[in-house]
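Dear colleague,

I am passing on to you the structure we spoke about, with its sequence, and would be glad if you could look through it before reading my notes.

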Amino acid sequence: MIKKIINFGLVGVVATAIEYVLLIILKEIFKMDVLIASGIAFTISLLFNYILSIKYVFIDKKEMSKTKEMTGFFITALIGLGINQLMMYTLVNMVNIYYLFAKVVSTGTVMIWNFVSRHMFLER
């Protein structure tokens, strides 16, 4: 379990870096609304996260079809996206926190959700 948590953390660092760089580029350079930029960045980093998580974090379940595995991963990710967007909206638009600080809070919350839900679904 310790190795899994370390690998999950390393994969998360790479995916998070991708997400933050994209968020900043979309928000600052392309002047997108923070929620749209956040959703796009989250979704793109999710694809990298999926590939790396299946390869390095979660044990490949031979009895679980790839379709079921992908479906479980993307359902948990869709819920994570919902958590991300709700937190970003609340923290940026209602609490008036700078979007990158709000993103840090959101990232931590979604990270916990992702690990627990994927561990339960993909390796129960």
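Below is what was found, going from the overall fold to a pair of helices and then to a pocket.

Please keep in mind that this is a predicted model. The protein has 4 helices and 0 strands, and from the N terminus on its elements follow the order α-α-α-α. Its radius of gyration is 15 Å, close to the 14 Å that the globule rule gives for 124 residues, so the protein is as compact as a globular protein of that length. Taken along the principal axes, the box that the C-alpha atoms fill is roughly 45 × 25 × 25 Å.

As for the helix pair, α2 and α3 pack with their axes 10 Å apart and at an angle of about 150°. Since angles over 145 degrees count as roughly antiparallel, α2 and α3 are therefore roughly antiparallel to each other. The crossing in which α2 passes α3 is right-handed, and the contact of α2 with α3 has, by class, 15 nonpolar, 9 polar and 2 charged residues.

Turning to the pocket, the largest one has a volume of about 310 Å³. It is lined by 20 residues, of which Thr 16, Glu 19, Asn 49, Thr 107 and Asn 114 are the closest to its centre. The elements that each give two or more residues to this lining are α1 (2–29), α2 (34–56), α3 (66–94) and α4 (99–123). Sorted by class, the lining of the largest pocket has 8 nonpolar, 9 polar and 3 charged residues.

With kind regards

Conventions. Residues are numbered from 1 along each chain as its sequence is written. This is a predicted model: local features need pLDDT of at least 70, side-chain atom pairs count only at pLDDT 80 or more; totals for chains, interfaces and linings use all residues. Side-chain values use heavy atoms; hydrogens and water are left out. On a 1 Å grid over the protein atoms alone, a cavity is a set of points where a 1.4 Å probe fits but cannot get out, and a pocket is an open set with protein on both sides within 12 Å along at least five of seven lines; lining residues have an atom within 4 Å of a point. Grid points are joined across faces, edges and corners, and a volume is the space filled by probe spheres set on the points. Ala, Val, Leu, Ile, Met, Phe, Trp, Tyr, Cys and Pro count as nonpolar, Asp, Glu, Lys and Arg as charged, and the others, Gly among them, as polar. Axes are lines fitted to C-alpha atoms, for helices over the stretch in contact, and angles run from 0 to 180 degrees between N-to-C directions. Angles under 35 degrees count as roughly parallel, over 145 as roughly antiparallel, 65 to 115 as roughly perpendicular and the rest as oblique. A crossing is left-handed if the near helix is turned anticlockwise from the far one by less than a right angle, and right-handed if clockwise. The radius of gyration is taken over C-alpha atoms; the globule rule is 2.2 Å times the number of residues to the power 0.38.
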